[in-house]
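Biologist: I should like to learn how features of such a model are read. Might we take them in turn?

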There are 2 protein chains.
Amino acid sequence: MGARIRGRTAAPTFEMQSTDEDFMRRAIALAQQAEDAGDVPIGAVLVSGDVVVEAKNEKEARPDATAHAEMLALAQAARLLRSWRLSDATIYVTKEPCVMCAGAMVAARIRRVVYGCPDPKGGAAGSVLDVVRHPALNHRIEVTAGVLEAETAAQLQGFFRKRR
Amino acid sequence: MGARIRGRTAAPTFEMQSTDEDFMRRAIALAQQAEDAGDVPIGAVLVSGDVVVEAKNEKEARPDATAHAEMLALAQAARLLRSWRLSDATIYVTKEPCVMCAGAMVAARIRRVVYGCPDPKGGAAGSVLDVVRHPALNHRIEVTAGVLEAETAAQLQGFFRKRR
């Protein structure tokens with residue numbers, strides 16, 4: 001996995017997209033685990049070299065409003081890599097990150113964020129705010145939006161439909 | 001402490017300001033502990049009813065970019081109160097919160113944030129962004145700025161001067 005990620009820029013477009021989809025599929029499986037535990041289904045995978053970290057939304061399970069999947073992935077990756085600075089990391093998340101998570105990605109100097117469906121109500125990677133590419137902040141992040149968008153959107157819509 | 005907080009709205013202005021300063025002084029002491037441990041001196045106190053939670057910046061100590069004082073206070077308070085929703089809470093922090101922390105305060109539905117000195121480079125309670133009073137987000141937070149501003153600014157300036 002790490003080797004494929006490192007070779008990304010030289011790889012043909014088809015393989016690049018395929019790799020993003022692989023990690024997003026894993027994030028969707030983690031989101032399902034969150035739903036099974038009573039949380040909104042959101043999952044995240046962080047990849048930095050050979051290190052791959054997986055996390056799911058645990059807001060209700062803990063309970064803790066800061067326990068979004070992306071936050072848990074960033075904290076775990078920093079522990080494993082023994083550095084708060086994650087400049088080589090790409091984070092995959094099923095939904096566009098909120099303001100907190102986007103701010104955390106900037107704080108951790110993440111290189112790239114890949115998300116599934118947009119969040120028109122609270123998204124901070126372009127929808128409501130663009131924290132990850134804000135000209136006044138000290139770091140900007142490459143954004144790839146809409147990877148497996150239909151599947152990630154359907155997963156969230158299914159969850160909220162069941163809840164009503 | 002909890003009782004004084006609950007009676008805050010009926011108390012005369014002098015007492016109200018005094019209470020804010022008391023908690024800010026405690027936050028300054030926590031910031032000193034962060035500096036002693038090799039971190040940028042930032043401290044936070046969260047007050048919700050009788051529950052008072054204290055935290056310091058632990059970004060370098062862990063290491064973890066998400067381990068800002070405010071984030072640790074929010075997570076600890078949620079565990080203690082067994083709820084991610086902290087609607088009665090006031091959070092005191094020595095420096096204006098960053099985007100991540102301001103977003104976390106919105107996510108936790110914090111009632112009020114009190115900070116010491118502004119952060120013109122990254123502050124998200126009015127300086128660079130105003131996340132805590134953003135009209136498009138689902139919660140807005142009362143802001144009291146500049147409590148013990150000179151002391152909190154001097155603490156940070158002293159730290160960065162020593163580092164150069």
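**Reading the two chains**

Modeller: A turn of 180° with a shift of 0.0 Å along the axis lays chain B on chain A with an RMSD of 0.0 Å. That is the relation of a two-fold axis. Copies are superposed by least squares on the C-alpha atoms of residues with pLDDT of at least 70 in both. This is a predicted model, in which local features need pLDDT of at least 70 and side-chain atom pairs count only at pLDDT 80 or more, while totals for chains, interfaces and linings use all residues; side-chain values use heavy atoms, with hydrogens and water left out, residues are numbered from 1 along each chain as its sequence is written, and chains are lettered from A and ligands numbered from 1 in the order in which they are written.

Biologist: In chain B, which C-alpha is nearest the axis?

Modeller: In chain B, that of B:Met100 is nearest, 2.0 Å from the axis. Contact means heavy atoms within 4.5 Å. The same surface serves both copies, since 100% of the contact residues of chain B recur in chain A.

Biologist: How many helices and strands are there in chain A?

Modeller: Helices (H or I, at least four residues) and strands (E, at least two) are DSSP runs, numbered from the N terminus. Chain A has 5 helices and 5 strands, and from the N terminus on its elements run α-α-β-β-α-β-α-β-β-α.

Biologist: At what angle do the axes of H3 and H4 of chain B cross?

Modeller: Axes are lines fitted to C-alpha atoms, for helices over the stretch in contact, and angles run from 0 to 180 degrees between N-to-C directions. In chain B, the axes of helix H3 (residues 69-81) and helix H4 (residues 99-107) cross at roughly 20° and come within 9 Å. H3(B) and H4(B) are therefore roughly parallel to each other, a term for angles under 35 degrees. On the H3(B) side the contact is made by B:Glu70, B:Met71 and B:Leu74, and on the H4(B) side by B:Met100, B:Cys101, B:Ala104 and B:Met105.

Biologist: How many disulfides does the structure hold?

Modeller: A disulfide is a pair of cysteine sulfur atoms within 2.5 Å. The structure holds 0 over all chains. A:Cys117 is in no disulfide, and the nearest cysteine sulfur, that of A:Cys98, is 13 Å away.

Biologist: Is A:Cys117 buried or exposed?

Modeller: Buried means under 20% relative accessible area, exposed over 50%, and partly exposed in between (1.4 Å probe, protein chains only). A:Cys117 is buried, with a relative accessible area of 4%. Of the 164 residues of chain A, 58% count as buried.

Conventions:
Parallel < 35°, antiparallel > 145°, perpendicular 65-115°, else oblique.
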